[in-house]
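Here are some worked exercises on side-chain contacts and packing. Have a go at each task in your viewer before you read the solution.

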Amino acid sequence: MRALFFSVVLSFAVTPPVVAQDWHEPARGSLERTQIMNAVRPVIEWRLGAPVEFVVYELRSTGKRAFASLAPQRPGGGTIDIREVPMVRYWGDDASYFEEVGGLDVIAFLIREGDQWAVVDHSIGATDVWFASEPYCTVFPELLFDYCPLN
């Protein structure tokens, strides 16, 4: 009995946990990546003003669902002036908040319907991992397996 116990314990100690990775990162220049960025862009331009391009921190796709972590910028790498964006100038968002937290980083969740991608939720300038909970961990489990707590 003791030998069985130690063999089971040892098997867990030397066998790394298996984590299914059912997503891929769409390649730079690929149609899928272009479509995802083109779906996110108007949503962010509505809040930050146009034109916007993105530096991609992380992009995960299953082909039907996607998760994007992005840094918005003006074309060619230009800085976005937080005090001049529509969400501050017209809607009363506090520019000092974004200056204090260090920026305008974007998190976006997308779903593909046919050949179109649509943003279903997003944040700008979040300071926490707000999506590491329900319903995101249930709807996007394969994309968020390393962010969501194990059940």
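**Exercise 1. A pair of phenylalanines**

Find out whether F109 and F131 are buried or exposed, then classify the geometry of their ring pair.

Solution. Keep in mind that you're working with a predicted model.

Step 1: burial. F109 is buried, and F131 is buried too.

Step 2: context. The whole structure contains 10 aromatic pairs. F109 and F131 make up one of these, with ring centres 5.7 Å apart and 65° between the planes. Planes over 60 degrees apart count as edge-to-face, and that is the label this pair gets.

Step 3: location. F109 sits in strand β3 (residues 106-113), while F131 sits in the loop between β4 (116-124) and α5 (136-139), so the contact ties together parts that are 22 residues apart in sequence.

**Exercise 2. From pair to cluster**

Classify the pair formed by the rings of W130 and Y136, then list the residues in the cluster that ring pairs build.

Solution.

Step 1: geometry. The centres of the W130 and Y136 rings are 5.2 Å apart and the planes meet at 85°, so this pair is edge-to-face.

Step 2: accessibility. The cut-off to apply is 20%: anything under that is buried. W130 has 21% relative accessibility and counts as partly exposed. Y136, at 14%, is buried.

Step 3: the cluster. Follow the ring pairs and you get a cluster of F67, F109, W130, F131, Y136, F140 and Y147.

**Exercise 3. The disulfide**

Locate the one disulfide in the structure and work out its handedness.

Solution.

Step 1: the search. Scanning the whole structure turns up one disulfide. The partners are C137 and C148, with an S to S distance of 1.8 Å.

Step 2: handedness. The torsion about the S-S bond is -90°, and the link between C137 and C148 is left-handed.

Step 3: what gets joined. C137 belongs to helix α5 and C148 to the segment after α6 (141-144); the two are 11 residues apart, and the pair links distant parts of the chain.

Step 4: burial. C137 is buried at 14% relative accessible area, and C148 is buried at 13%.

**Exercise 4. Salt bridges**

How many salt bridges does the structure hold, and which residues are linked in a network?

Solution.

Step 1: count. There are four salt bridges. As background, side chains of opposite charge can pair when their charged atoms come close.

Step 2: R33 and E25. Their side chains meet with an N to O distance of 3.5 Å. R33 is buried at 10% relative accessibility, whereas E25 is partly exposed at 48%.

Step 3: the partners of R60. R60 bridges to E58 at 2.6 Å, N to O, and to D146 at 2.8 Å, N to O. The bridge to D146 links distant parts of the chain: R60 is in strand β1 (residues 53-61), D146 is in the segment after α6, and they are 86 residues apart.

Step 4: accessibility. R60 is buried, with a relative accessible area of 3%. D146 counts as partly exposed at 44%.

Step 5: the network. Put these bridges together and E58, R60 and D146 are linked in a network.

**Exercise 5. Peptide bonds before proline**

Decide whether the bonds from A50 to P51 and from E134 to P135 are cis or trans.

Solution.

Step 1: expectation. Most peptide bonds are trans.

Step 2: A50 to P51. Omega is near -5°, and the bond is cis. P51 is in the loop between α2 (31-48) and β1.

Step 3: E134 to P135. Here omega is near 5°, and this bond is cis as well. P135 is found in the loop between β4 and α5.

**Exercise 6. Nonpolar cores**

Which residues have the most contacts inside the largest nonpolar core, and which element supplies its largest share?

Solution.

Step 1: size and hubs. The largest core has 24 residues, and I44, L48, M87, L104, L110 and I124 have the most contacts inside it.

Step 2: contributors. At least two residues of this core come from each of α2, β1, β2 (65-73), α3 (86-89), β3 and β4. The largest share, six residues, is supplied by α2.

Step 3: the second core. A separate core has 11 residues, among them F67, I107, F131 and F140. Of these, F67, F131 and F140 also appear in the ring cluster.

Terms used: Residues are numbered from 1 along each chain as its sequence is written. This is a predicted model: local features need pLDDT of at least 70, side-chain atom pairs count only at pLDDT 80 or more; totals for chains, interfaces and linings use all residues. Side-chain values use heavy atoms; hydrogens and water are left out. Rings of Phe, Tyr and Trp (its six-membered ring) pair if their centres lie within 6.5 Å; planes under 30 degrees apart count as stacked, over 60 as edge-to-face and the rest as tilted. Helices (H or I, at least four residues) and strands (E, at least two) are DSSP runs, numbered from the N terminus. Buried means under 20% relative accessible area, exposed over 50%, partly exposed in between (1.4 Å probe, protein chains only). A disulfide is a pair of cysteine sulfur atoms within 2.5 Å. A nonpolar core is a set of buried Ala, Val, Leu, Ile, Met, Phe, Trp, Tyr and Cys residues joined through side-chain atoms within 4.5 Å.
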